[in-house]
2 protein chains.
Amino acid sequence: MADLHLLSPFGFRASGVYAGLKTRQFPDVGLLLNEGPSPTAAAVFTTNKVFAAPIKVGREHMAESGGRLRAVVVNAGNANACTGRQGEKDARRMCQLAAAVAGCEDWEVLPSSTGIIGHLLPMEKVERGIREAGEFLGSSLEHALRFADAILTTDLKRKSAAVELKFGKERVTIAGVCKGSGMIGPNLSPEGPAPSAGATAPGRRTSAKKASRPKRGGHATMLAYLTTDAAAPAGELRKLLAAASDGSFNAVTVDGHTSTNDTAALLASGATARLDTAQRRAAFAAALLEVCQSLAYQIAADGEGATKVVDIRIDNATSDADANAIARAIANSPLVKCAMHGSDPNWGRIVSAAGLAGVPFNPDRCTLRLQGTLVFKDGRPVPFDDAKVSASMNAPEVKILVDCRTGSGTGRCLTCDLSKDYVTINADYHT
Amino acid sequence: MADLHLLSPFGFRASGVYAGLKTRQFPDVGLLLNEGPSPTAAAVFTTNKVFAAPIKVGREHMAESGGRLRAVVVNAGNANACTGRQGEKDARRMCQLAAAVAGCEDWEVLPSSTGIIGHLLPMEKVERGIREAGEFLGSSLEHALRFADAILTTDLKRKSAAVELKFGKERVTIAGVCKGSGMIGPNLSPEGPAPSAGATAPGRRTSAKKASRPKRGGHATMLAYLTTDAAAPAGELRKLLAAASDGSFNAVTVDGHTSTNDTAALLASGATARLDTAQRRAAFAAALLEVCQSLAYQIAADGEGATKVVDIRIDNATSDADANAIARAIANSPLVKCAMHGSDPNWGRIVSAAGLAGVPFNPDRCTLRLQGTLVFKDGRPVPFDDAKVSASMNAPEVKILVDCRTGSGTGRCLTCDLSKDYVTINADYHT
């Protein structure tokens, strides 16, 4: 399915152009149009009390349109956050221009921005960019890539994933692109009931070769756009997106710093099959989770300064919520992240991080495995070969598995290691 | 008052000896005896669900003795955490030996350990150390220094503070020593009602010269021992210590990683004045807070890899608890800490960190000052001279002041910057 991309689902066109917002010549304004027969959508936004103008406008538009979203307009290089009333005007203007391209109402457009906080958008450039993006729309792989590139900031890699489902003779495709590298600790709402759909992430790995990261890091945000040609009412999409986000985007952290601009949107064109049976909805939910988990994995792998992904899984906690809290506490501990960077089987840091999550945790009943090796059990260390486990941790992915043995709750969080490069990216530049 | 030290209050003797637990030849076993006429004490311990054997035994002894503590026995180099039943036996054995020296009951001894997690104490060395420490007890400055040294691990500096009060003709001294450098995010209980006593920290600064940090970082813990020759019942000391801890130790973070071994104890010998009036109690509370805040400041200044202290103050939040939550969210953001390291006036990271604290916060009403310069107001940036503010941040201390203008709650948190040295200390060694 490597040939599938964001525009593989029927009914979508997109583009990405360079409008001069990024310092390097690289797409920074993108348009994504839903031109399907029955366009519906759902979106989840950051829960940060400080949210950018496009988040405010986007929430409004989702409510006003009842989820009838026709277009997404996005810029990178400037977050349009902490920009007051002018910022709000600018976000509305972006929607107006995108609506003119799409031939829809302003409130059928979702705006997004990512980049530096506290600067007004250079609207002349943005306006020209949106108009130009309108002239280069298409459904090819190249168009999908241009849009995917237009949302990147400090990311070193483009992030995309897609899966195909068959419902009888009908094919349904789910695809997505995202961005995120630093200021990554998404907590997207509405908080769905998060029924775990049981799919597993494809687990893509970063290559060893290191690209050069663009300057001006640290305002990275998570943005994700998902497309599908299935047909489903907006209410159904809301449930699906909330559940998939909880199991993916809300379970990845680079630095625990929830951004002002985090957004995930799911757009359905209605060009193919209806999700009209419980079986279809379950299959769709599992496939959507798979796409979102792949995207989340790619965010962790491309975390600022990351050399490896850390995959933290908690089994048999008192509840799923408690398991996720424990996973997140471990993922957000700088001490754990540094130990992972140094391939140090320092399980004491992991167990103590689990204990500070603020939820029930009993070290005397738990077991801890590092890359499959049992290192701690029932409150006591288990002798193991330090050098061997350390060598096994010198890998693109390190698995931490905690079995709490106090209930049946499961949780998971993805993160990356903490390296000197994270400090370089986020300290060694001046505004 | 530079000549005051831990043993200046009447009624105390202490010592510190090298027993071979640390890799470098430096005191690692300490004894502190309260030989006053009416010894009373209070202690607060880590709230981490994973707590070390000495925490378990210490809690028991505080309850059994009703706060009649005669001695503290401490070792550094090994945390005696995650060591199961043998660890508990070892902690009890430490108390037994210290009790033999002090001529008291085992349950009148508070044990503490700090160092690496998951290794059994080398009890032969520890036992010899405690016996030897018993032979070198004294009340001189030298004895105070040896005890202060015996609790250090990755600390580069010895940490101590003291103040003197006069109640009529009577003098009361409050003194303290502490340790802490990494794995610092104390959350000591019992959680007192935390009435802010209004004193300010002396604000000591680190010298520019950098000492070499001992190997094997990352199991640092916070330990603090406070002595006074005032006379007060244990119940009164509990209230005083809880309040002072909330305004100091619980308001400092290096990496937000609450340790398994955090302990703060206040020992009163009863050799001088009684705290028998509300006025005396208030004066004592303010002085105790001053000592604890100085110690907390020294922890931030000596944070692993730290080059500067970051002093975060929140005014006019919806409540004191909310203000403290906001201060802590800012203090624990790696993005903020990296910006501080780079002297980058990146207020967007600070405002967005305030917004993710999970408590009411309205950026449209708040102001933010960096080193006294207004940089953000009412949801919008305020133009300022980047180069000038950046230059002002290139200092041993950076002050962040957020005025929420939504209530009357105040809060504060001290932290340090995040440098590459933090990563070096915590990643570049193997167990």
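# Interface and local features of a two-chain model

Twelve residue pairs, both members at pLDDT 80 or more, are in polar contact across the interface of chain A and chain B. A polar contact is a pair of N or O atoms within 3.5 Å; within protein, one must be able to donate a hydrogen and the other to accept it, and residues adjacent in sequence count only if both atoms are side-chain atoms. This is a predicted model, in which local features need pLDDT of at least 70 and side-chain atom pairs count only at pLDDT 80 or more, while totals for chains, interfaces and linings use all residues. Residues are numbered from 1 along each chain as its sequence is written, chains are lettered from A and ligands numbered from 1 in the order in which they are written, and side-chain values use heavy atoms, with hydrogens and water left out.

## The interface

Between them, chain A and chain B bury about 4500 Å², where buried area is the accessible area (1.4 Å probe) that two parts lose on being put together, summed over both. Carbon and sulfur atoms carry 61% of that area. In terms of residues, 60 of chain A are in contact with 61 of chain B, contact being heavy atoms within 4.5 Å. The rule finds zero salt bridges across this interface; a salt bridge is a side-chain nitrogen of Lys or Arg within 4 Å of a carboxyl oxygen of Asp or Glu.

Five elements of chain A each supply at least two residues of the side that touches chain B: α8 (334-341), α9 (347-355), β14 (380-381), α10 (386-393) and α11 (420-427). Helices (H or I, at least four residues) and strands (E, at least two) are DSSP runs, numbered from the N terminus. With seven residues, α9(A) gives the most to that side of chain A. By class, the side of chain A that touches chain B holds 25 nonpolar, 27 polar and eight charged residues. Here Ala, Val, Leu, Ile, Met, Phe, Trp, Tyr, Cys and Pro count as nonpolar, Asp, Glu, Lys and Arg as charged, and the others, Gly among them, as polar.

## Symmetry

A turn of 180° with a shift of 0.0 Å along the axis lays chain A on chain B with an RMSD of 0.0 Å. Copies are superposed by least squares on the C-alpha atoms of residues with pLDDT of at least 70 in both. This is the relation of a two-fold axis. In chain A, the C-alpha of Lys420(A) is nearest the axis, 2.5 Å from it. Both copies use the same surface, since 100% of the contact residues of chain A recur in chain B.

## Helix α8 and positive phi values

Seven of the eight residues of α8(A) are buried, so the helix is largely enclosed by the rest of the structure. Buried means under 20% relative accessible area, exposed over 50%, and partly exposed in between (1.4 Å probe, protein chains only). The buried residues of α8(A) are Pro334(A), Leu335(A), Val336(A), Lys337(A), Cys338(A), Ala339(A) and Met340(A).

Most residues other than glycine have a negative phi. Ser343(A), which follows α8(A), has a positive phi near 50°. In chain B, Ser343(B) has a positive phi of about 50°; Ser343(B) lies in the loop between α8 (334-341) and α9 (347-355) and is buried at 7% relative accessibility. Asn80(A) also has a positive phi, near 45°. Asn80(A) sits in the loop between β4 (71-78) and α2 (84-102) of chain A and is buried at 0% relative accessibility.

## Salt bridges

Over all chains, 35 salt bridges are found. Three of the pairs are listed here.

| Pair | N to O distance |
|---|---|
| Arg158(A) and Asp149(A) | 2.7 Å |
| Asp155(A) and Lys159(A) | 2.7 Å |
| Glu170(B) and Arg280(B) | 3.7 Å |

The pair of Glu170(B) and Arg280(B) links distant parts of the chain, 110 residues apart: Glu170(B) is in strand β7 (residues 170-179) and Arg280(B) in helix α6 (residues 278-301) of chain B. Glu170(B) is partly exposed at 34% relative accessibility, whereas Arg280(B) is buried at 19%. Arg158(A) is partly exposed, with a relative accessible area of 39%, and its partner Asp149(A) is buried at 8%. Asp155(A) is buried at 2%, and Lys159(A) is buried at 1%. Salt bridges also link Lys56(A), Glu60(A), Glu88(A) and Arg92(A) in a network.

## Ser140 of chain B

Ser140(B) is located in the loop between α3 (123-135) and α4 (141-150) of chain B and is partly exposed, with a relative accessible area of 31%. Its side chain makes a polar contact of 2.6 Å with that of His143(B). Apart from neighbours within four places in sequence, Ser140(B) is in contact with His5(B) and Leu7(B). The C-alpha atoms of Ser140(B) and Leu6(B) are 9.2 Å apart, although 134 residues separate them along the chain.
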